[in-house]
Amino acid sequence: MKSKIKDFLCVENKIVIISSVFFWLISHLVFLTTEVLVPKLQNTVDMNSLFENELSLGRWLIVFLQNLRFGIVSKTFIFFISLTLIILLTSAIINIFKVKSKILICIISALISTFPATSEILLHTNYADIFILGILFAVLSVYFLLKEKLIYKLLSIICIVACMAIQPSNLMISLLLVVFKYVIQFYDENICEKDKIINKIILKNSCYIVLAIILYILITMLISCITGVTINILYNGTSFIPKILETYKLFFEYLFTDKIILNTIWHRNIFNMIIL
């Protein structure tokens with residue numbers, strides 16, 4: 001046990017801890033006050049409404065985790081639990097990409113701790129720590145997936161199922177990390193090793209990811225049958241592609257046209273085209 005703690009407290013992880021704590025506190029300490037709140041912020045969670053709403057979105061693990069703490073919400077507790085989870089996921093990312101530069105570790109820690117999406121998650125005090133836990137599961141799924149032993153592959157499957165059960169879109173975090181890792185590795189390895197890398201992606205790790213997705217769908221369908229709650233993410237799945245296309249359309253119109261934000265003085269659409 002002592003050796004594991006000693007291994008965790010290596011130089012890289014010490015930098016992650018110090019940097020994350022520093023940037024987290026200067027960025028988010030205001031959340032411990034009542035100055036920054038979301039309209040639906042409560043001191044407790046209505047478990048009845050939570051049950052049906054979250055299950056319908058396929059986020060059944062949120063219901064389970066909220067039940068563990070009886071729906072009680074403590075800003076201070078969630079604030080520091082979220083910080084701990086941020087440290088762990090940052091450390092995992094550093095380990096996945098084998099980052100050794102102290103300056104780069106500080107930059108990565110600062111970016112993750114101060115990222116606008118992190119602040120947005122903290123605004124939802126009822127679920128903030130659970131949402132960050134979902135991101136941690138997504139990162140850990142890649143950490144375990146890249147290891148060779150079967151037990152780690154099984155842990156990766158469990159982490160993928162868990163991250164999707166908190167927020168299905170967390171799967172994209174896992175996929176992007178895997179792609180980035182193999183792209184970097186592909187360009188670092190010699191020609192003989194590149195075929196091995198491709199085989200790992202296609203024949204091994206991709207299969208584990210698909211298996212995890214199927215397992216999540218099966219568990220979600222089982223929960224739907226038991227509870228009688230319609231899971232929108234499953235039964236409205238055919239609308240995903242049109243919604244994705246609509247998202248890209250809105251993204252384009254926001255940046256490069258005046259259809260969403262009309263500003264004839266600044267001509268922001270032309271300005272954005274020049275910058276990008």
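No disulfides are found, the count coming to zero, in what is a predicted model rather than an experimental one. The case of cysteine 163 illustrates this result: its closest cysteine sulfur, that of cysteine 159, lies 8.0 Å away, which is too far for a bond because a disulfide requires two cysteine sulfur atoms within 2.5 Å. Cysteine 163 is buried, its relative accessible area being 0%, whereas cysteine 225 is exposed, with a relative accessible area of 63%.

The secondary structure of the protein consists of 14 helices and zero strands, so that, by the DSSP runs used for the assignment, the elements from the N terminus on read α-α-α-α-α-α-α-α-α-α-α-α-α-α. Of the 276 residues in the protein, 37% are buried. Among contacts with a separation of 6 or more, 71% are accounted for by residues 24 or more positions apart. The protein exposes about 16,900 Å², and carbon and sulfur atoms supply 70% of that area.

In soluble globular proteins, nonpolar side chains tend to be buried together. The largest nonpolar core here comprises 56 residues, of which Trp24, Trp60, Leu61, Leu89, Ile132, Val139 and Ile166 touch the most other members. Helix α5, covering residues 75-96, gives the most to this core, with eleven residues. When residues up to four places away in sequence are set aside, tryptophan 24 touches Leu29, Phe79, Ser82, Leu83, Ile86, Ser113, Thr118, Leu122 and Ile132. Serine 19, located in helix α2 (residues 11-28), has a relative accessibility of 7% and therefore counts as buried. With its neighbours within four places in sequence left aside, serine 19 is in contact with Cys106 and Ser109.

Helix α5 also holds lysine 75, which is partly exposed, with a relative accessible area of 26%. The C-alpha atom of lysine 75 is separated by 7.8 Å from that of phenylalanine 31, although the two residues are 44 residues apart along the chain. In the loop between α5 and α6 (102-114) lies lysine 98, whose phi is positive, at about 50 degrees, although the residue is not a glycine. Most residues other than glycine have a negative phi. Lysine 98 counts as exposed, at 59% relative accessibility.

A comparable separation in sequence and space is treated next for a further loop residue. Asparagine 170 occupies the loop between α9 (150-166) and α10 and is buried, with a relative accessible area of 8%. The C-alpha atoms of asparagine 170 and alanine 138 are 6.2 Å apart in space, while the residues themselves are 32 residues apart in sequence. Not counting residues up to four places away in sequence, asparagine 170 touches Gly134, Ile135, Ala138 and Cys163, the last of these being the buried cysteine with a relative accessible area of 0%.

Side chains of opposite charge can pair when their charged atoms come close, and two salt bridges are counted in the model. In one of them, glutamate 12 pairs with lysine 100, the closest N and O atoms being 3.8 Å apart; this distance satisfies the criterion because a salt bridge requires the nitrogen and the carboxyl oxygen to lie within 4 Å of each other. The pair links distant parts of the chain, since glutamate 12 belongs to helix α2 and lysine 100 to the loop between α5 and α6, 88 residues apart. The partners fall into separate accessibility classes: glutamate 12 is buried, with a relative accessible area of 18%, whereas lysine 100 counts as exposed, at 60% relative accessibility. In the other salt bridge, the side chains of glutamate 54 and arginine 59 meet at 2.6 Å, N to O, and both glutamate 54 and arginine 59 are buried.

At the surface, a nonpolar patch of about 630 Å² is made by Met172, Leu176, Val179, Phe180, Val183 and Tyr187. One of these residues, leucine 176, is found in helix α10, which spans residues 171-188. Leucine 176 counts as partly exposed, at 44% relative accessibility, because this value lies between the limits of 20% for buried and 50% for exposed residues.

How values were computed. Residues numbered from 1 in each chain as written. Predicted model: local features only at pLDDT ≥ 70, side-chain atom pairs only at ≥ 80, totals over all residues. Heavy atoms only, no water. Patch = residues over 30% accessible without salt bridge, like charges linked within 9 Å, V, L, I, M, F, W, Y side chains within 5 Å. Areas by Shrake-Rupley, 256 points an atom, 1.4 Å probe, with all protein chains shown as cover. Helix = DSSP H or I, 4+ residues; strand = E, 2+ residues; numbered from the N terminus. Buried < 20%, exposed > 50% of the residue type's maximum accessible area, 1.4 Å probe, protein only. Contact = heavy atoms within 4.5 Å. Core = buried A, V, L, I, M, F, W, Y, C linked by side-chain atoms within 4.5 Å.
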